[in-house]
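Hi there,

Here is the structure I promised to pass on. Please have a look at it before you read my notes below.

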Amino acid sequence: AKDALVKIKNLHCGLPDTEVYYTAECFREGFRKSIAFRPRVLKQNRGSQGEGIWICKLCSEEYCSRYGDRMADVDEMLELMEANDNHVEYHTVGEFLEFCVNGRTDKSGDWKSSGRGLYLEGGVDNGAMLVDQRFLPRIVEGEVRCLMVGPKMVSIVHKVPKAGGLSATLQSGAKYTHYEPDDDKFASLVNNFQADLPNIMASFGLSNEPLPLLWTADYIVDDDPDEEGKDKFYIGEFNCACVGITQQL
């Protein structure tokens with residue numbers, strides 16, 4: 001489940017201001033706080049290929065300097081890009097909240113998305129949740145996928161979006177380049193990933209369980225380098241249920 005991103009937020013690979021919403025009430029309050037601080041990526045738990053994953057920005061760009069300093073007003077305008085096809089829509093905060101919770105209604109405005117919204121439909125027992133993570137602008141340079149077999153990294157794939165887009169799926173036109181795990185290009189990522197590896201299952205409350213047989217971790221590069229001037233990377237998604245291996249077949 002995508003709330004894995006919340007559970008690893010204190011590891012090297014996690015972003016500390018990542019949140020998860022299981023109820024409409026928590027979502028309405030939490031998203032208004034987070035979007036007032038920085039552009040966000042809001043991810044539904046269900047679906048694949050980027051449907052229901054929204055890159056959210058305030059049109060005014062009037063962000064507060066500290067997380068939690070203010071709440072966005074429901075009438076503030078958002079620029080929204082959906083990751084499945086990179087289309088852009090403009091809605092108020094209130095319309096976006098309505099679409100995510102209740103779908104298309106007379107309060108949600110008109111939507112171009114092929115999705116239904118209703119991301120919390122059925123409740124957490126049916127896998128409904130929304131994960132709210134800081135948007136990292138260097139996503140335009142692509143995602144770096146670590147393809148794992150148990151604890152062993154077998155391949156690194158740099159997935160670069162189609163020009164003008166942000167989605168790194170094959171469906172959206174992204175280009176994939178393969179690297180060996182020991183390639184110097186991603187040495188800092190691999191070193192930090194290996195440091196986190198013994199703690200990942202414990203972060204999920206599964207310290208006595210083995211790592212999945214086949215799984216992936218998708219990293220995004222941060223704006224700010226580390227103390228040595230090297231790129232920092234953060235995980236945007238784990239996958240062990242619908243691992244994309246079409247390029248290996």
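What follows is a short tour of the two sheets, their helices and some aromatic pairs.

First, some ground rules. This is a predicted model, in which local features need pLDDT of at least 70 and side-chain atom pairs count only at pLDDT 80 or more, while totals for chains, interfaces and linings use all residues. Residues are numbered from 1 along each chain as its sequence is written, and side-chain values use heavy atoms, with hydrogens and water left out.

Helices (H or I, at least four residues) and strands (E, at least two) are DSSP runs numbered from the N terminus, and two strands pair if DSSP finds at least two bridges between them.

**The sheet with six strands**

In this open sheet, 6 strands follow the order 1-6-2-3-4-5 with antiparallel pairing. Its edges are strand 1 (19-21) and strand 5 (88-92), each of which pairs on one side only. Strand 3 (residues 53-58) and strand 4 (residues 77-82) run antiparallel and are joined by 5 bridges; Lys57 stands opposite Glu79 in strand 4.

Helix 2 (residues 24-35) lies across several strands, including strand 1, and runs at about 150 degrees to strand 1. Contact here means heavy atoms within 4.5 Å, and angles run from 0 to 180 degrees between N-to-C directions of axes fitted to C-alpha atoms, for helices over the stretch in contact. Helix 3 (residues 93-102) runs at about 105 degrees to strand 5, one of the strands it lies across.

**The sheet with five strands**

Here 5 strands form an open, antiparallel sheet in the order 9-8-7-10-11. Strand 7 (residues 143-149) pairs with strand 10 (residues 214-221) over 7 bridges, and Cys146 stands opposite Ala217 in strand 10. Helix 4 (residues 187-203) lies across strands including strand 10, to which it runs at about 130 degrees.

**Aromatic rings**

The whole structure holds 15 aromatic pairs (centres of Phe, Tyr or six-membered Trp rings within 6.5 Å; planes under 30 degrees apart are stacked, over 60 edge-to-face, the rest tilted). Trp54 and Trp111 are edge-to-face because their ring centres lie 5.5 Å apart with the planes at 75 degrees. This pair links strand 3 to the loop between helix 3 and strand 6, 57 residues apart. Trp54 is buried at 0% relative accessibility, and Trp111 is buried at 10% (buried is under 20% relative accessible area, exposed over 50%, partly exposed in between, with a 1.4 Å probe and protein chains only). Both belong to one aromatic cluster, with members including Tyr21, Phe96 and Tyr119.

Best wishes
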